[in-house]
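Here are a few short exercises to work through with the model open beside you. Try each one yourself before reading the solution.

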Amino acid sequence: MSVKKLATLSVFTVIALTIFVAESAIPNPVPIPGIKLGLANIVTLLLLMNFTPADAFWALMARILLSSVFSGQMITLLYSLCGGILCFAAMYAVNRFLSARFIFITSIFGALFHNIGQILIAYALTRTAGIFAYLPFLTVSGMVTGLFTGLCAYYAQKYLMPHIKSSY
């Protein structure tokens with residue numbers, strides 16, 4: 001990997017981490033805990049469309065690890081890793097199937113699988129089947145937030161990435 005590409009991926013990782021930290025500082029307008037926009041996934045979607053899947057995956061893993069360290073809650077690392085890995089797998093599969101034409105659909109599937117991953121790790125840790133009652137709420141929120149994040153990624157890809165692509 002060239003130094004230029006590594007530096008570009010590092011900048012994208014820092015941008016995703018900054019978005020995550022900024023979003024964490026905003027109070028949740030929905031009275032259901034755990035629901036948030038997931039705006040840092042805009043960066044993951046852009047990396048998935050413009051770099052190799054491995055590049056996007058490792059930038060995501062770096063963001064998850066660093067965000068857990070910076071938030072000071074290492075238990076969230078388990079939730080973030082499980083959700084992030086399932087999210088990435090779903091986005092990679094849908095992106096390959098749709099050839100990056102419908103990035104908002106890719107984002108919706110990513111959000112849904114992220115929520116499923118977090119529910120699965122919560123069940124694994126608590127062994128409480130009642131946790132699955134939370135899944136319908138997370139499904140609806142995942143579809144809405146995934147659509148919003150996907151549309152943001154679409155416009156970033158359309159208007160921002162042509163200027164960035166010329167630099168790497």
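**Exercise 1. What share of the residues in the chain is buried?**

Solution. Keep in mind that this is a predicted model. Buried residues account for 38% of the 168 residues in the chain. Turning to the surface, the chain exposes about 9200 Å², and 75% of that is supplied by carbon and sulfur atoms.

**Exercise 2. Describe the fold and the overall dimensions of the chain.**

Solution. Begin with secondary structure: the chain has six helices and zero strands, which reads along the sequence as α-α-α-α-α-α. Next, take the extent along the principal axes, where the C-alpha atoms fill a box of roughly 50 × 35 × 30 Å. Then check the radius of gyration: a compact globule with 168 residues would have a value near 15 Å, so the 16 Å of this chain agrees. Finally, look at the contacts with a separation of 6 or more: 70% of them are between residues 24 or more positions apart.

**Exercise 3. Is Ser141 buried or exposed, and which residues does Ser141 touch?**

Solution. First locate Ser141 in helix 6, which spans residues 135–165. Its relative accessible area is 12%; buried means under 20%, so Ser141 is buried. Now look for a polar partner: a polar atom of the Ser141 side chain lies 3.1 Å from the backbone oxygen of Leu138. Leaving aside residues up to four places away in sequence, Ser141 touches Ile35, Asn115 and Gly146.

**Exercise 4. Where does Phe51 lie, and is Phe51 buried or exposed?**

Solution. Phe51 is found in the loop between helix 2 (41–50) and helix 3. With a relative accessible area of 10%, Phe51 is buried. To relate sequence to space, compare Phe51 with Lys36: these residues are 15 apart along the chain, and their C-alpha atoms are separated by 26 Å.

**Exercise 5. Which residues form a nonpolar patch on the surface, and how does Val69 fit in?**

Solution. The patch consists of Leu65, Leu66, Val69, Phe70 and Met74, and together they have about 470 Å² of accessible area. Place Val69 next: this residue sits in helix 3, residues 53–71. Its relative accessibility is 45%, so Val69 counts as partly exposed. That value also meets the patch criterion of over 30% relative accessible area.

Key. Residues numbered from 1 in each chain as written. Predicted model: local features only at pLDDT ≥ 70, side-chain atom pairs only at ≥ 80, totals over all residues. Heavy atoms only, no water. Patch = residues over 30% accessible without salt bridge, like charges linked within 9 Å, V, L, I, M, F, W, Y side chains within 5 Å. Areas by Shrake-Rupley, 256 points an atom, 1.4 Å probe, with all protein chains shown as cover. Salt bridge = Lys/Arg side-chain N within 4 Å of Asp/Glu carboxyl O. Helix = DSSP H or I, 4+ residues; strand = E, 2+ residues; numbered from the N terminus. Buried < 20%, exposed > 50% of the residue type's maximum accessible area, 1.4 Å probe, protein only. Rg over C-alpha atoms; globule rule 2.2 N^0.38 Å. Contact = heavy atoms within 4.5 Å. Polar contact = N/O pair within 3.5 Å; in protein donor to acceptor, adjacent residues only side chain to side chain.
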